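Here is a friendly walk through one chain, from its overall layout down to a few single residues. Keep the viewer open as you read.

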Amino acid sequence: MLNTADNTPELQKFMAYLNSRHLRKTPERFEILRKVLECNGHFDADILSHKLEETGYHVSKATIYSTLELLCASGLVRKLLFDTHQARYEMAEQTHTHLVCTMCGEIREVNLDIIDTCISAALFEGFSPAYVSTCIYGICDKCREKTDSRIKGDSRSAEQ
Ligand SMILES: [Zn+2]
Ligand SMILES: [Zn+2]
């Protein structure tokens with residue numbers, strides 16, 4: 001059950017969603033949302049599982065995943081599918097572009113107002129956009145340096 005100290009708008013919204021669908025309001029579901037609220041930026045099921053274990057909650061991965069699905073359905077959380085990693089999630093109020101490194105999977109967030117402006121002006125027949133999640137794929141500086149030094153190493157050995 002919720003106590004008043006926990007009564008954040010997010011917990012209330014989740015409660016209302018579960019009520020409206022006649023879904024069970026289990027303590028685990030709310031504890032998972034509390035851990036989600038502690039996360040800054042992106043998170044995945046492993047991070048949540050670790051945070052839950054730290055505070056003595058033993059929640060199965062299946063429960064974490066099914067609760068994340070409910071949180072997505074309620075509009076609180078967004079699922080992000082980068083093809084470099086297992087599904088990650090973030091709070092739904094965030095709008096930004098993801099810079100994804102295709103070598104190490106590192107993800108950075110940047111704000112590109114021009115993308116928001118373009119999408120909000122666009123109309124799609126037979127489709128109602130809910131949110132925008134953009135990704136730009138490329139190579140981060142760290143990976144570029146590694147690749148550069150490897151290429152230099154190769155050309156040196158070829159000269160010998
Ligand atoms: Zn990288
Ligand atoms: Zn993000």
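## Layout of the chain

Starting at the N terminus, the elements follow one another as α-α-α-α-β-β-β-β-α-β-α. That comes to six helices and five strands. Please bear in mind that this is a predicted model.

Of the 160 residues in the chain, 11% count as buried. If you take the contacts with a separation of 6 or more, 47% of them are between residues 24 or more positions apart.

## Helix α1 and the loop after it

How does the span of α1 agree with 1.5 Å a residue? The 12 residues of α1 should span 16 Å at that rise, and the end C-alpha atoms are indeed 16 Å apart, so the two values agree.

After α1 comes H22, which has a positive phi near 55°. H22 sits in the loop that links α1 (9-20) to α2 (27-38). A positive phi is worth pointing out here, as H22 is a residue other than glycine. Is H22 buried or exposed? With 12 or fewer neighbours as the cut-off for exposed, H22 qualifies because it has 6 other C-beta atoms within 10 Å.

## Helix α2 and its two partners

Two packed helices are described by the angle between their axes and the distance between the axes. Let us apply that to α2, taking its partners in turn.

The first pair to look at is α2 with helix α3 (residues 45-54): their axes come within 10 Å and cross at roughly 110°. That angle makes α2 roughly perpendicular to α3. On the α2 side the contact involves E31, I32, K35, V36 and E38, which meet L48, K51 and L52 of α3. Sorted by class, this contact has four nonpolar and four charged residues, with no polar ones.

The other pair is α2 with helix α4 (residues 61-73), where the axes come within 10 Å and cross at roughly 75°. These two helices are therefore roughly perpendicular to each other as well. Here α2 contributes E28, R29, I32, L33 and V36, while α4 contributes T63, I64, T67, L70 and L71. By class, the contact of α2 with α4 counts six nonpolar, two polar and two charged residues. I32 and V36 of α2 are worth selecting in your viewer, since they appear in the contact with α3 and in the contact with α4.

## The three-stranded sheet

Strands of a sheet pair through backbone hydrogen bonds, either parallel or antiparallel. In this chain, three strands form an open sheet in the order β4-β3-β5, with mixed pairing. β4 and β5 are the edge strands, each pairing on one side only. From one strand to the next, the twist averages 25°.

Which way do β3 and β4 run? Strand β3 (residues 97-101) and strand β4 (residues 107-110) are antiparallel, joined by four bridges. You can find this pairing by way of L99, whose bridge partner in β4 is R108. The two strands form a hairpin with five residues between them, and G105 in the turn has a positive phi of about 85°.

On the other side of the pairing, β3 runs parallel to strand β5 (residues 134-138), with five bridges joining them. A handy landmark for this pair is C101, whose bridge partner in β5 is G138.

Terms used. Residues numbered from 1 in each chain as written. Chains lettered and ligands numbered in written order. Predicted model: local features only at pLDDT ≥ 70, side-chain atom pairs only at ≥ 80, totals over all residues. Buried ≥ 20, exposed ≤ 12 C-beta atoms within 10 Å, placed from the backbone. Pairing = 2+ DSSP bridges. Expected span 1.5 Å × (residues − 1). Axes fitted to C-alpha atoms, helices over the stretch in contact; angles between N-to-C directions. Parallel < 35°, antiparallel > 145°, perpendicular 65-115°, else oblique. Contact = placed C-beta atoms within 7 Å. Nonpolar A, V, L, I, M, F, W, Y, C, P; charged D, E, K, R; others polar.
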